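The paragraphs below go through one protein chain, beginning with burial and ending with its aromatic rings. Please keep the sequence and the 3D view open while reading.

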Amino acid sequence: MLTLSHLAFDDVATLLARYDLRLQRVDDGEPIPGSYWGDTEAGLIGSTVYARGDTPLHSLLHEAAHLIVLPPERRAQVHTDATDSIEEEDAVCVLQCLLGDAIPGASRERIFEDMDSWGYSFRLGSARAYVEQDAESSWQWLAERGLVRLPERVLAV
């Protein structure tokens, strides 16, 4: 599992800053504020993503993606759970994979693998299959919000 400690913190923080988000490092062994799942999983409060060195990158990117898809005025209201709808949750799964490509030392392929290892469940059996073969409505949802470019299927920012 690729964790924050495997990467340059500043690379991840810089990516989040492109979306007006802040990455806050949590000391090892301390509880992660705003974590929905607890344990090592990333947390959200307002426009801040909280993570420790042992936080899986896929978790950090998933939570960040929830904030990225929200309008700035709604971000301030977020604490722990940012999900607004099934459509948003599905689109966030696509977006987190694309964000992996924007971090040196990570990739969408690695995010696919780690999502599968963590236990994400998709009807086609894998994160890769979902993103590449079963997520047309999510791609469109993200494109309508200016977050991806179609047909290239890349980040717009």
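In this predicted model, 52% of the 157 residues of the protein chain count as buried, a residue being called buried when its relative accessible area is under 20%. The protein chain exposes about 7400 Å², and carbon and sulfur atoms supply 46% of that area.

The overall dimensions can be set beside these values. A compact globule of 157 residues would have a radius of gyration near 15 Å, and because the protein chain has 14 Å, its value agrees with that expectation. Taken along the principal axes, the box that the C-alpha atoms fill is roughly 40 × 35 × 25 Å.

How many helices and strands does the protein chain contain? There are seven helices and five strands, and their order can be followed from the N terminus: a helix comes at the start, three strands follow it, then come six helices in succession, and two strands close the series. Contacts across the sequence add to this picture, since among those between residues at least 6 apart, 54% join residues that are at least 24 apart.

The charges of the protein chain comprise 13 positive and 27 negative ones, and the mean position of the positive charges lies 4 Å from the mean position of the negative charges.

The aromatic side chains offer a more local view, with a count of three aromatic pairs in which ring centres lie within 6.5 Å. In one of them, the rings of Y36 and W37 have centres 5.2 Å apart and planes at 80°, and because planes over 60 degrees apart count as edge-to-face, this pair is given that name. Are these two residues buried or exposed? Y36 has a relative accessibility of 48% and therefore counts as partly exposed, whereas W37, with a relative accessible area of 56%, is exposed. Ring pairs also bring in W118, so that Y36, W37 and W118 are linked into a cluster.

Another pair is formed by F122 and Y130, whose ring centres are 4.8 Å apart and whose planes meet at 15°, so this pair is stacked, the limit for that label being under 30 degrees. Both partners fall below the burial cut-off: F122 counts as buried because its relative accessibility is 15%, and Y130 counts as buried because its relative accessibility is 7%. The stacked rings of F122 and Y130 thus belong to buried residues, while the edge-to-face rings of Y36 and W37 belong to a partly exposed residue and an exposed one.

Technical notes
Residues are numbered from 1 along each chain as its sequence is written. This is a predicted model: local features need pLDDT of at least 70, side-chain atom pairs count only at pLDDT 80 or more; totals for chains, interfaces and linings use all residues. Side-chain values use heavy atoms; hydrogens and water are left out. Helices (H or I, at least four residues) and strands (E, at least two) are DSSP runs, numbered from the N terminus. The radius of gyration is taken over C-alpha atoms; the globule rule is 2.2 Å times the number of residues to the power 0.38. Buried means under 20% relative accessible area, exposed over 50%, partly exposed in between (1.4 Å probe, protein chains only). Contact means heavy atoms within 4.5 Å. Accessible areas come from the Shrake-Rupley method with a 1.4 Å probe; for residues, only the protein chains shown count as cover. Lys and Arg count as positive and Asp and Glu as negative; His and the chain ends are not counted. The place of a charge is taken as NZ of Lys, CZ of Arg, CG of Asp or CD of Glu. Rings of Phe, Tyr and Trp (its six-membered ring) pair if their centres lie within 6.5 Å; planes under 30 degrees apart count as stacked, over 60 as edge-to-face and the rest as tilted.
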